[in-house]
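User: Could you take a close look at one part of this model for me, the open sheet in the second chain, and then set it beside what surrounds it? I'd like one connected walk-through, please.

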Amino acid sequence: MVATVRLPDDLLAMIARGVSCIVGSRDEALRPSIMRAVGSQVAADGAGITVYLSRSQSRQLLQDIASTGDVAVVFSEPASHRTVQLKARTAAIRPATEADRPALDRYLASMEHEIGRVGYPVSMARAMLAYRLDDLVALSFTPEMAFDQTPGPRAGSALGASK
Amino acid sequence: MSTPLAEIRACLEGAIPAVLATCGADGVPNVAYISQVFHVDDRHVALSFQFFNKTRQNILSNPRATALLLDPRTAAFWRLHIRYLRTESEGPVFESMKAQLAGIASHSGMEGVFRLLGSDIYEVEKLEQVPGDPLPAPPRPAGRLAALRSLSERLARCCALDEALNAVMAVLSDALDMRHAMVLMLDQPAQRLYTVASTGYAISGVGSEIRVGQGVIGVAARERTPVRISHMTNAALYSQAMRSSFERESPDIAPVTEIPYPGLAEPHGQLAVPILSADRLLGVVFVESPQDLRFSYEDEDALVVAAGHLGAAIDLLQSGAESAEGEAAAPAQEDSAPSRGASLQLRHYPANDSVFLDGEYLIKGVAGAILWKLARDHVQQGRTEFSNRELRLDPSLGLPDISDNLEARLLLLQRRLQEHGPHLRIEKTGRGRFRLAVGRPLRLDPA
């Protein structure tokens, strides 16, 4: 069993509410891959995190995660720049289903609000997060490391105690 | 590259931060927001290096990185596959980014946190369009090319510097909707820029000066590169509105000799473009706006073209005026209205060649020395007709060298006299020739 971290409650709450989410990995040659998630949710126990990616937008990224297991995920609140990065060495990928729809809808509503706070219309959030359910995968992982990435002097510091 | 980098410049405005994936030598990927992805040329971008962080460590050990960009107008995604080359901490790219970052920091409430340590230069290996469902692109603003055509046509008809400057001011203001604009010329020996033309301000500010390196205008001059801040609620470090009053020169025997700088008190966008010709810096064209996000890359393109045409015109007009200087002077016209009435007092301070008219500061430097010479020749010899050539040959004026733009100095003097009043004027009488029109007898008081 790998070590996992317990995130500070306020950051966990921020992630659970639904903020900008970017996923990265890398291939065997250490070439990095990256894409924005169109949804996220936190498991009821607060430990597991699921993010949603469109296959058509994330081919290299999904291939890299499948082959290396390495994943880095950043959550950031646009208006405050409060940012956290989670890392894990294993992740599970499955197709999204109708059962994921409520989480995706909640996420979109939250993001419409979040990017509205920095001056963008609802249409922007919808275009940025557009997806087809049959093109979506759910990527689930348990964070092994967490870092504060809010710009400033504490940026980069490790967060949360191993449990 | 199938899509030229220039096509995605809208994504590089910093309105929506980019995200960068890197990977350490240990194979652990890292994702981080990045304030600035700067368009260097069609094969290179520069990323802002602001903190010694994981991204920094990673690119130094593994130069491959992938940036995710979002078009702030359409929400279209692009991936930029890049390779780190080097870090620059001075020069045009660094200075442009520094000024732009001040705007981004101000826009995002990050003043004091964002500081540019370096410009990380990356080679672009691939630009990848990410499939998606973007919004339709907004229509491209039409008129810019037509506006530049009109400028080109007008400049081609100009026979003197003031006409060329008027043409630029008119096209910027009317056709390009850049309502607040000014042109400053370089005083090379003094390393200062002086305003020769402006539009859209409560005062003309002709004659006001900016030090090379000071603010947006001064940095554009020093680095010979466009500097654009597209959103600056409080980018005070760069705001040209910061008066030069803090620069009280060493105690001078002359009283205050500062012409107020005309700029906006609270600009939200500024763009300064160097005027270059034959690889020499001639001056700066500057525009500003009270609106956020007013100046785009396309505005910068247009202003660079305008400044290029103006630079060529200035050089051509200068050489035209010089070749005409040798021609025989036209017979002096009889003064139809000899000066009369109360005398007009001119006081000259040799320390900085400042000249005061009836106790009011008018001009200093080379233009001040020129006026003092003209006035002396008028009073002592009754002369009114003069040529550029004799000014150039007069050692007492200390004209810097042949490359100095005498036309610009004369235009500055002419405009300052115009603003002062009707009694003393400079009127062009032909190429390289002009008349001192004296409405009241001059009384010369050396200080």
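Analyst: Happy to. In this predicted model, chain B has an open sheet of six strands, ordered β10-β9-β8-β13-β12-β11, and the pairing is antiparallel. At its edges stand β10 (209-211) and β11 (227-229) of chain B, each of which pairs on one side only. From one strand to the next, the twist averages 25 degrees.

Let's zoom in on one of those edges. β11(B) is joined to β12 (residues 269-277) of chain B by three bridges, and these two strands run antiparallel. For a specific pair to click on, try R228(B): its bridge partner in β12(B) is L271(B).

Now for the helix on this sheet. Helix α5 (residues 215-223) of chain B packs on it, touching β8 (180-187), β9 (192-199), β10, β11, β12 and β13 (280-289) of chain B. The direction of α5(B) makes about 30 degrees with that of β12(B).

How far can you trust the coordinates here? The average pLDDT of chain B is 85, and 86% of its residues score at least 70. One stretch deserves care, though: over residues 241-255 of chain B, pLDDT stays under 50, and the model has 21 contacts beyond four places in sequence for this stretch. Where pLDDT is low, the predicted coordinates should not be read in detail. For the complex, the predictor gives an ipTM of 0.96 and a pTM of 0.77.

Stepping back to the whole chain, the domain assignment splits chain B into domain 1 (5-129), domain 2 (144-244 + 251-324) and domain 3 (344-446). Between the C-alpha centres of domain 1 and domain 3 of chain B there are 52 Å.

For a companion view, turn to chain A. There, four strands make an open sheet in the order β3-β4-β8-β7, with antiparallel pairing. Its edges are β3 (39-42) and β7 (92-95) of chain A; each has a single partner strand, so one side of each is left without a neighbour in the sheet. On average, neighbouring strands of this chain A sheet are turned by 20 degrees against each other, direction ignored.

The edge strand β3(A) is linked to β4 (residues 49-54) of chain A by four bridges, and the two run antiparallel. Within this pairing, G39(A) stands opposite Y52(A) of β4(A). A helix is found here too: α3 (residues 101-117) of chain A lies across β3 and β4 of chain A, running at about 110 degrees to β3(A).

Note on methods. Residues are numbered from 1 along each chain as its sequence is written. Chains are lettered from A and ligands numbered from 1 in the order in which they are written. This is a predicted model: local features need pLDDT of at least 70, side-chain atom pairs count only at pLDDT 80 or more; totals for chains, interfaces and linings use all residues. pLDDT is the predictor's confidence in each residue, from 0 to 100. Two residues are in contact if their C-beta atoms, placed from the backbone, lie within 7 Å. Two strands pair if DSSP finds at least two bridges between them. Axes are lines fitted to C-alpha atoms, for helices over the stretch in contact, and angles run from 0 to 180 degrees between N-to-C directions. Domain bounds come from an automatic or database domain assignment.
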